Amino acid sequence: MVRVVPMASSIRPTLSSLLKFSPPRLSFFHLPSPSLSQSHSCGLKASRGLRQDANSAIMMAAGNGPQSVAAENVLDWVKQDNRRMLHVVYRVGDLDRTIKFYTECLGMKLLRKRDIPEERYTNAFLGYGPEDSHFVIELTYNYGVDKYDIGTGFGHFGIAVDDVAKAVELIRAKGGKITREPGPVKGGRTVIAFIEDPDGYKFELIERGPTPEPLCQVMLRVGDLNRSIEFYEKAFGMELLRTRDNPEYKYTIAMLGYGPEDKSTVLELTYNYGVTEYDKGNAYAQIAIGTDDVYKTAEAIKLAGGGKITREPGPLPGINTKITACLDPDGWKSVFVDNVDFLKELE
């Protein structure tokens, strides 16, 4: 296994003070099979108070009050849950090549790397800050698999930079692929550019002032935007930050998340007029989201409707980290992780 040394950020030098981590005992997000289904979901309304006790809202047994009241209590609890997008997971064909590109061209830091030979996979975590406070990327390399199908459903990741033109110059000098030269976004003023990493994943560079969360967007395409917005608001408690319709180019986008776009990572959903289904391929996997209670989270997803629980809530064998997993109405996957357990795994 080649040892990869993280390089200093050349795009955002102001984000250089990163914490050091020791690898956790075991990852609960590894993706050993390239044929795993993809999906993802997120959620939470804007206001985040202290965690409120939903009492026995999840208990639907007789004697605990009308089911509609219990459902209302659980869905209201979702809005108060302490949620944060933790990381996005996807598969790559050459881990060291990708790490080199992300550190040298995108200015990320290699936070930790873990090899699990008995299960024939390796993980690497990269980002612009420590995992306990920043949204990061989890790369998965499965032994012997050097290529994946990204499909047509996955869109891109967004990275906020101080100067898009300078960032593009650096990436070009390092041999990176520029697919859209710097310039204003269509119908707006924000300066953007698009690049591709060695596996073909697209990154949108967005010119923005200093931000605590440079890895700022995950864009996915959906077949019914109103349906998706309702699901993410209701089941995941996300706030609808804004929508923008572009009839000239026949698409509409919606931004959802747990905080404002300039300070937190958001989910960008794109609806292309008349397109209701997409090929998800086998490359992109899921987003992980923190929650105070995976049991109530799973109940809320069931009550909200439109989604599907793919892993019932509970502790993972061997490490006791509590998780639950689900699909959104389009089949995008999300994993919810107990907040306390997640921090223990980082110790």
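Reader: Why is E204 called buried in this model?

Author: The relative accessibility of E204 is 9%, and the term buried applies under 20%, so E204 counts as buried. The model is a predicted one, and the value is computed from it. E204 lies in strand β8.

Reader: Which residues does E204 touch, leaving aside those up to four places away in sequence?

Author: Contact means heavy atoms within 4.5 Å. By that criterion E204 touches H156, F157, G158, I159, I192, A193, F194, Q217 and E268, when residues up to four places away in sequence are not counted.

Reader: What do the UniProt annotations say of E204?

Author: An unreviewed UniProt entry covers E204 with the annotation "active site". The annotation "binding site", likewise from an unreviewed entry, covers E138, H156 and E204. Of these residues, H156 and E204 are included in the lining of the largest pocket. Such annotations may be inferred rather than shown by experiment.

Reader: Why is H156 assigned to its accessibility class, and what surrounds it?

Author: H156 has a relative accessible area of 5%; the limit for buried is under 20%, so H156 is buried. H156 lies in strand β5. Apart from residues up to four places away in sequence, H156 touches F194, K202, F203, E204, Q217, V218, M219 and E268.

Reader: What makes a residue part of the lining of the largest pocket, and which residues are closest to the centre of that pocket?

Author: A lining residue has an atom within 4 Å of a point of the pocket. The largest pocket holds about 770 Å³ of space. It is lined by 30 residues, and those closest to its centre are V185, I192, F194, E204 and Y251.

Reader: Which strands supply the lining of the largest pocket, and how do its residues divide by character?

Author: At least two lining residues come from each of β5 (154–161), β6 (177–184), β7 (191–196), β8 (202–207), β9 (215–221), β10 (239–246), β11 (251–257) and β12 (266–272). The most is given by β8, with four residues. By character, the lining comprises nine nonpolar, nine polar and 12 charged residues.

Reader: Why is the pair of K174 and E104 called a salt bridge?

Author: The closest N and O atoms of K174 and E104 are 3.9 Å apart, and the criterion asks for a side-chain nitrogen of Lys or Arg within 4 Å of a carboxyl oxygen of Asp or Glu; the pair therefore qualifies as a salt bridge. This pair links distant parts of the chain, with K174 in the loop between α3 (164–173) and β6, E104 in helix α2 (residues 95–104), and their positions 70 residues apart. A network of salt bridges links K100, E104 and K174. The structure holds 14 salt bridges.

Reader: Which accessibility classes do K174 and E104 fall into, and why?

Author: The relative accessible area of K174 is 44%, which is neither under 20% nor over 50%, so K174 is partly exposed. E104, at 15% relative accessibility, counts as buried, because buried means under 20%.

Reader: What makes the contact of E181 with R172 a salt bridge?

Author: The N to O distance between the side chains of E181 and R172 is 2.9 Å, and the cut-off is within 4 Å; the two side chains therefore meet in a salt bridge. E181 counts as partly exposed at 41% relative accessibility, and R172 is partly exposed with a relative accessible area of 42%.

Reader: Where in the chain do D330 and R227 lie, and why are they given their accessibility classes?

Author: D330 and R227 form a salt bridge, with their closest N and O atoms 3.3 Å apart. The pair links distant parts of the chain: D330 is in the loop between β15 (322–327) and β16 (333–338), and R227 is in helix α4 (residues 225–234), 103 residues apart. With a relative accessible area of 13%, D330 falls under 20% and so is buried. R227, at 36%, lies between the limits of 20% and 50% and so is partly exposed.

Reader: Why is K250 called exposed, and what is its phi?

Author: The relative accessible area of K250 is 54%, and exposed means over 50%, so K250 is exposed. K250 is found in the loop between β10 and β11. Its phi is positive, about 60 degrees, although K250 is not a glycine. Most residues other than glycine have a negative phi. R120, in the loop between β2 (109–116) and β3 (121–127), also has a positive phi, near 60 degrees.

Notes. Residues numbered from 1 in each chain as written. Predicted model: local features only at pLDDT ≥ 70, side-chain atom pairs only at ≥ 80, totals over all residues. Heavy atoms only, no water. 1 Å grid on protein atoms, 1.4 Å probe; cavity = no way out; pocket = protein on both sides within 12 Å on 5 of 7 lines; lining within 4 Å. Points joined across faces, edges and corners; volume = space filled by probe spheres on them. Nonpolar A, V, L, I, M, F, W, Y, C, P; charged D, E, K, R; others polar. Buried < 20%, exposed > 50% of the residue type's maximum accessible area, 1.4 Å probe, protein only.
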